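Biologist: Could we go through this model together? I would like to start with its pockets.

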Amino acid sequence: MKRFSLKYTLLTYRLDQLWFPLAFLAFFIILTLLLRNEVQNYDIARAYVGFAVPLVGGFMAAYAILDDPALELRFATPIRAAQILLERTTLIFLIQAVCANAFLLFCLIIGVDFSPLGNWVNLQLCWLLPTITLIALGTFGALIGAQTMVGSFLVGLVWFVELIVRDGMAVNNWKYAYIFMSILSPEHPDLVLNQIALFALTIAFLFVAWALLRKQERYI
């Protein structure tokens, strides 16, 4: 059953969920090559890995499960909700991980200095934690609202609001849900607690999504 499920996932994977993140990657690479400015290239790199990658991942996750044209047949097979959730979200995460690291490698080749963000582990966390949080939020939103648009709306809303009020979120109790702290405030004293909180939030969203997905009659 696992082999069939993996084969099904690959065969039914929508191509727009592949070219969409690749188009973003190509755009930022071209933009970086056109500017060729050390300061601007650093800002572009932060914008891509810290903002674009999580946003694209969240949008893709919102459509990953319920937008399956054979969803009813999928539910008719003896496959667990956890497996469906894992297959869809893991594939999205892997695509975003490849895009993020490909761009980081490109930036290092052309000489972009990422030292203000810390070591390589911290640099990875700058895109990883926001991405998994928005992937989980997109999945959770789509399933709790039983519509893909609900998930994408929640992802866009959180992304936009936190970006607009970023200065305020870094100094009050909302700092633990501040998904951009790693990329915008790498020296914040509560950065580690923020990262732990985001990881816990991701687990919570995925747990609720799993519980909702077990009630398959809501989505048929």
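Biologist: Which residues line the largest pocket?

Modeller: Its lining is made up of Ala-82, Leu-85, Leu-86, Thr-89, Thr-90, Phe-93, Ile-132, Ile-135, Ala-136, Thr-202, Leu-206 and Trp-210. A pocket here is an open set of points on a 1 Å grid over the protein atoms alone, with protein on both sides within 12 Å along at least five of seven lines, and lining residues have an atom within 4 Å of a point. Please note that this is a predicted model, in which local features need pLDDT of at least 70 and side-chain atom pairs count only at pLDDT 80 or more, while totals for chains, interfaces and linings use all residues. Residues are numbered from 1 along each chain as its sequence is written, and side-chain values use heavy atoms, with hydrogens and water left out.

Biologist: Which element gives the most to that lining?

Modeller: Helix α5 does, with six residues. At least two residues come from each of α5, α6 and α10. Helices are DSSP runs of H or I, at least four residues, numbered from the N terminus.

Biologist: What is the volume of the largest pocket, and how does its lining divide by class?

Modeller: The largest pocket holds about 240 Å³ of space, where a volume is the space filled by probe spheres set on grid points joined across faces, edges and corners. The lining has nine nonpolar, three polar and no charged residues. In this scheme Ala, Val, Leu, Ile, Met, Phe, Trp, Tyr, Cys and Pro are nonpolar, Asp, Glu, Lys and Arg are charged, and the others, Gly among them, are polar.

Biologist: Leu-85 caught my eye. Is Leu-85 buried or exposed?

Modeller: Leu-85, in helix α5, is buried, with a relative accessible area of 7%. Buried means under 20% relative accessible area, exposed over 50% and partly exposed in between, with a 1.4 Å probe and protein chains only.

Biologist: What is Leu-85 in contact with, beyond its sequence neighbours?

Modeller: With neighbours within four places in sequence set aside, Leu-85 touches Ile-65, Thr-139, Leu-206, Ala-209, Trp-210 and Leu-213, a contact being heavy atoms within 4.5 Å. Leu-206 and Trp-210 also belong to the lining of the largest pocket. The C-alpha atoms of Leu-85 and Ala-64 are 9.1 Å apart, with their places 21 residues apart in sequence.

Biologist: And the second largest pocket: what is its volume, and which residues lie nearest its centre?

Modeller: The volume is about 160 Å³. Of its 13 lining residues, Val-158, Glu-162, Met-169, Trp-174 and Ala-177 lie nearest the centre. Helices α6, α7 (148-164) and α10 each give two or more residues to this lining. By class there are eleven nonpolar, one polar and one charged.

Biologist: Turning to closed spaces, how many cavities of 30 Å³ or more are there?

Modeller: The count is two, a cavity being a set of grid points where a 1.4 Å probe fits but cannot get out. The second largest has a volume of about 30 Å³ and is lined by Leu-117, Asn-122, Cys-126, Ser-182, Pro-186, Leu-191 and Gln-195. Two or more of these residues come from each of α6 and α10 (191-213).

Biologist: I see Cys-126 there. How many disulfides does the structure hold?

Modeller: Zero, taking a disulfide as a pair of cysteine sulfur atoms within 2.5 Å. Cys-126 counts as buried at 1% relative accessibility, and Cys-107 is buried at 0%.

Biologist: A change of topic: how many aromatic pairs are found?

Modeller: The search of the whole structure gives 13. In one of them, the ring centres of Phe-20 and Phe-24 are 5.2 Å apart and the planes are at 75°, so this pair is edge-to-face. Rings of Phe, Tyr and Trp (its six-membered ring) pair if their centres lie within 6.5 Å, with planes under 30 degrees apart stacked, over 60 edge-to-face and the rest tilted.

Biologist: Where do Phe-20 and Phe-24 lie?

Modeller: Both are in helix α2 (residues 16-35), four residues apart, about one turn of the helix. Phe-20 is partly exposed at 28%, and Phe-24 is partly exposed at 28%.

Biologist: And why is the pair of Tyr-42 and Phe-114 called tilted?

Modeller: Their planes are at 55° and their centres 6.4 Å apart, so the pair is tilted. This pair links distant parts of the chain, 72 residues apart: Tyr-42 is in helix α3 (residues 38-64), and Phe-114 is in the loop between α5 (81-109) and α6 (120-145). Both residues are buried.

Biologist: Which residues form the aromatic cluster?

Modeller: Phe-27, Phe-28, Tyr-48, Phe-103 and Phe-106 form one cluster.
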